[in-house]
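Have your viewer ready and your selection tool to hand. Could you open the model and follow along, one selection at a time?

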Amino acid sequence: MVQVTTEPVMEKEVGPWKEGWRRFRKNKIALVGAAIVAFVVFLALFGPFIAPQGVNEQDLTKRLLPPSGEHWLGTDDFGRDIFSRIILGARISIAVGFFSVIISIVVGTFLGVVAGYYGGWLDTIISRIFDILLAFPSILLAIAIVSILGPSLQNALIAIAIINIPNFGRLVRSKVLSIKQEEYIMAAKAIGMKNNRILWRHILPNSMTPVIVQGTLAIATAIIEAAALGFLGLGAQIPTPEWGKMLADARIYLLNAPWTIVFPGLAIMITVLGFNLMGDGLRDALDPKMKN
Amino acid sequence: MKKQSWYMLLLLVVLSVFLVACNSSDEGTDSNEGTEDTDTTTDEGSEGTTDEGATGGVLVYGRGGDTVALDPAIVTDGESFRVTENVYDTLLTFGEQDTTVQPSLAKEWTVSEDGLTYTFMLEEGVTFHDGTTFNADAVVQNFERWAAGSAEQFYYYNSMFMSEGESVIASVEAQDDTTVVFTLTRPQAPFLKNIAMSPFAIASPAAFDQLEDNPVGTGPFKFVEWKRNDSITLEKNTAFWKDGLPKLDRVIFRAIPDNSARLNALTTGEIDIADGINPSDATSIQSNSELQLIERPSMNIGYLGLTNNRAPFDDVKVRQAVNHAIDKQTIIDAFFQGYAEPAVNPMPSTISGYNEEITGYEYDPEKAKALLAEAGYNGEEFELWAMPVPRPYMPDGQKVAEAIQKNLEDVGMKAKIVTYEWATYLEKAKNGEADAFLLGWTGDNGDADNFLYTLLDKDNIGSNNYAYYSSDEAHTLLVQAQSEVDEDKRNELYKQAQVIIHEDAPWVPLAHSTPLIAAKSTVQDYLPHPTGSEALTNVSVK
């Protein structure tokens with residue numbers, strides 16, 4: 001991922017990333033999380049080649065069949081194979097989680113760096129905007145944004161990205177504030193390095209570690225938020241096999257065909273669990289305070 | 001933070017236990033008790049009031065939505081009528097489970113030879129809930145109030161008794177205290193049926209300006225309180241003009257929008273009757289000995305409207321193609337669980353004037369493709385509107401839309417499913433903004449006019465003719481039928497109109513559904529009416 005070379009080099013030639021990886025490897029639970037994430041990402045990439053059926057192959061004569069050899073996870077109320085839909089849904093959840101977080105990170109980091117480094121009125125304005133965004137319960141804000149933009153998967157993604165911006169912004173800002181005081185930045189300033197260079201070559205790379213940790217955890221939250229919006233009918237539209245939407249569509253069959261609701265629910269849960277475990281592991285591995 | 005992960009694992013375990021529990025309970029319930037309750041016997045003798053003494057009791061009726069207003073003359077929605085039927089009486093009423101005309105506040109009536117004069121003899125000794133006396137004068141004042149109002153204010157009065165700007169009712173006069181005479185400008189065949197409809201309930205003239213939220217009628221129950229979007233409470237009218245009735249002490253109408261939540265409330269005992277049952281829950285209700293499944297006699301039509309002045313549905317061939325493309329029977333089996341009949345004409349076959357010679361467009365995707373090719377349909381995407389709420393004529397519009405979307409995709413038509421909040425949905429559809437839309441209608445009085453003219457005549461574009469279907473030929477027949485008093489001739493006119501409508505295919509008539517209701521097994525003598533609402537006068541709770 002991000003290659004950092006500007007950090008003061010240690011004697012044993014072991015960079016902080018390598019060191020982190022070593023620590024991460026030792027953490028069994030984090031490895032399980034990483035494995036789950038890898039598996040889901042694999043499904044997201046190659047889903048269409050794995051899924052036995054298409055997204056919307058309705059067969060109304062085969063509705064609500066329990067799990068069997070033919071349909072591993074049963075069929076839904078349109079006679080569609082739930083197994084296939086869950087596999088194909090992985091792509092949607094991962095995409096929403098990944099891209100929304102990327103957008104949040106890019107925008108949040110930019111604002112955070114600017115606010116933290118330049119300070120002054122810029123900092124005041126940006127920080128107050130973050131405060132305003134954070135004052136709303138995040139899912140409510142997302143619902144409001146989607147209601148304005150109109151319900152669709154793309155708009156749900158944008159809404160989730162927007163509500164996560166302040167989290168990254170504040171994180172980066174506080175990190176930048178502390179790095180700014182470091183001696184190597186002072187040194188850089190002393191030798192007359194330009195602000196731009198200091199910002200993007202020195203401060204930014206050094207403040208990325210917490211962002212990566214927070215990013216992994218944010219993907220988990222984003223997936224849940226996307227599912228929540230889908231459940232409320234504000235995210236993916238039928239017949240997209242979005243997991244939250246599948247849950248919502250199946251909820252009237254909770255008692256007579258529980259597999260229609262349990263498996264999409266499990267899919268969401270396992271994926272989120274994977275990202276959380278991996279995120280926790282990354283935090284432990286990359287946090288300098290955790291070093292012996 | 002690790003703790004969080006462990007909680008998640010714990011949740012996983014709990015969920016899987018739940019899954020297993022569900023499976024086993026499904027297998028265990030195969031007994032078939034309670035099915036005898038579904039026999040909707042039209043037992044005329046159930047009015048007998050002597051057998052039980054002081055049963056009384058409180059009945060909580062769970063329904064999908066709240067009342068709009070408690071003045072039946074200004075509303076059009078079934079949830080409003082459901083309450084007003086219990087507070088007010090009409091001059092005439094319908095049979096317990098049919099639409100035959102029966103006496104109510106008017107105990108007898110005569111019709112003149114020419115069909116222009118109707119004389120009603122009223123019940124004596126009836127008082128309104130506010131203590132004022134019900135008499136001929138009160139009837140006259142009610143009709144004068146409606147006639148003086150605008151079409152927006154009194155929708156039903158204007159739709160039933162006004163035609164092309166001209167009033168059907170020339171005058172309403174009180175001959176003496178208990179005799180009212182109606183004079184018409186032209187004969188109206190369904191006049192008595194119209195008078196029996198819930199909107200034309202007689203309210204206390206002293207209370208005219210407050211009926212909306214403080215109704216005063218002569219009905220079996222008195223209004224107590226209304227908590228908006230929650231409940232409406234009624235109490236027994238001890239001075240009710242039918243001796244020994246009503247049986248219940250109190251009726252509470254509770255609004256529980258979600259179908260599953262409403263059924264849950266019934267199983268936990270919070271409510272006694274749950275309206276709007278998902279057909280998929282029918283079997284589990286039948287196998288529960290504490291519940292009974294009640295079928296409301298069907299008098300409705302659920303349809304897919306094809307807005308006739310919007311592309312691509314401005315071409316009759318495209319509309320016919322859609323009719324051929326949709327597999328009604330499979331949709332009914334799946335989403336009505338068989339509690340519906342496939343529809344052929346725009347009205348149910350139980351209504352007189354139904355044309356049985358029309359066989360309908362059979363499911364034939366190949367023919368649909370051929371018709372589309374002939375019409376030169378270029379595969380452009382159109383919007384398919386699905387209603388957001390369960391309706392008695394269609395328990396799950398979203399699912400039906402999704403199945404139709406697939407049916408259409410199979411013949412090369414690309415539909416995008418769209419939905420709006422219910423009031424917006426109706427408003428926009430009324431304005432002709434939908435390409436294709438799901439909707440339906442529950443009959444008000446069991447007359448063909450109430451389906452064909454109301455839903456498909458060009459006069460009603462902008463109100464109930466959501467499909468913007470405009471046919472001069474059909475219009476001529478339908479208007480002629482309104483004033484035709486000879487039953488056979490009238491039916492013949494309706495049959496001809498149905499042939500024209502069938503050819504023009506303004507809709508895809510989908511289904512005549514049987515709305516399902518569940519009640520505790522202790523609820524007795526509840527007979528749901530085909531019009532969708534009924535007075536609970538004879539109902540009791542054991």
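Here is a tour that begins in chain A and then moves through chain B. Keep in mind throughout that this is a predicted model.

**Stop 1: chain A**

Start with the spans that UniProt annotates. Its unreviewed entry places the feature "transmembrane region" at residues 29-51, 92-118, 130-150, 211-232 and 252-275 of chain A. Select residues 29-51 of chain A: the span is 96% helix and 0% strand, with its end C-alpha atoms 29 Å apart. Now try residues 92-118 of chain A, where you will find 100% helix and 0% strand, and a distance of 38 Å between the end C-alpha atoms.

Next, widen the selection to residues 90-279 of chain A, listed by UniProt (unreviewed entry) as "domain: ABC transmembrane type-1". This span is 83% helix and 0% strand, and its end C-alpha atoms lie 19 Å apart.

**Stop 2: chain B as a whole**

Switch to chain B and colour by secondary structure: there are 15 helices and 25 strands. Of the 542 residues of chain B, 47% count as buried. Among contacts in chain B with a separation of 6 or more, 72% are between residues 24 or more positions apart.

Now colour by domain. Domain 1 of chain B covers 88-202, domain 2 combines 221-296 with 516-541, and domain 3 covers 300-513. The centres of domain 2 and domain 3 of chain B are separated by 31 Å, taken over C-alpha atoms. Where these two domains of chain B touch, 10 residues of domain 2 are in contact with nine residues of domain 3. What classes of residue make up the side of domain 2 of chain B that touches domain 3 of chain B? There are four nonpolar and six polar residues on that side, and no charged ones.

**Stop 3: a seven-stranded sheet**

Select E12, E13, E14, E1, E15, E23 and E16 of chain B, in that order: these seven strands form an open sheet with mixed pairing. Strand E12 (221-227) and E16 of chain B stand at the edges with a single partner strand each, so one side of each has no neighbour in the sheet.

Inside the sheet, look at E1(B) and strand E14 (residues 250-255) of chain B, which pair in the parallel sense over six bridges. Zoom in on Tyr61(B), which stands opposite Phe253(B) in E14(B).

While you are here, follow the loop between strand E13 (231-236) and E14 of chain B, where Pro246(B) lies. The peptide bond from Leu245(B) to Pro246(B) is cis, with omega near -5 degrees. For context, most residues other than glycine have a negative phi, and most peptide bonds are trans.

**Stop 4: helix H6**

Select helix H6 (residues 259-267) of chain B and show the side chains of Asn259(B), Arg262(B), Leu263(B) and Leu266(B), its buried residues. Look down the axis of H6(B): these buried residues fall within an arc of 95 degrees, so they line one face of the helix. Their cover includes strand E1 (58-63), strand E15 (273-274), strand E16 (291-295) and strand E23 (516-520) of chain B. Just after H6(B), Gly269(B) takes a positive phi of about 90 degrees.

**Stop 5: strand E17**

Move to strand E17 (residues 300-306) of chain B, where seven of its seven residues are buried. In a regular strand the side chains alternate between the two faces of the sheet. Here, Asn300(B), Gly302(B), Leu304(B) and Leu306(B) point one way, whereas Ile301(B), Tyr303(B) and Gly305(B) point the other way.

Add strand E21 (residues 436-442) of chain B, which pairs with E17(B) in the antiparallel sense over seven bridges. Trp441(B) in E21(B) is the bridge partner of Ile301(B). Then add strand E22 (residues 507-513) of chain B, which runs antiparallel to E17(B) and is joined to it by four bridges. In E22(B), Ala511(B) is the bridge partner of Gly302(B).

**Stop 6: backbone details**

In the loop between E17 and helix H8 (316-325) of chain B, find Pro312(B). A cis peptide bond joins Ala311(B) to Pro312(B), with omega about 0 degrees.

Finish with two residues that have a positive phi without being glycine: Ala505(B) at about 45 degrees and Asp525(B) at about 60 degrees. Are they buried or partly exposed? Ala505(B) counts as buried, with 23 C-beta neighbours inside 10 Å, whereas Asp525(B) is partly exposed, with 15 other C-beta atoms within 10 Å.

Notes:
Residues numbered from 1 in each chain as written. Chains lettered and ligands numbered in written order. Predicted model: local features only at pLDDT ≥ 70, side-chain atom pairs only at ≥ 80, totals over all residues. UniProt positions renumbered as here; feature names shortened; annotations may be inferred. Helix = DSSP H or I, 4+ residues; strand = E, 2+ residues; numbered from the N terminus. Domains from an automatic or database assignment. Contact = placed C-beta atoms within 7 Å. Nonpolar A, V, L, I, M, F, W, Y, C, P; charged D, E, K, R; others polar. Buried ≥ 20, exposed ≤ 12 C-beta atoms within 10 Å, placed from the backbone. Arc of directions from axis to C-beta. Pairing = 2+ DSSP bridges.
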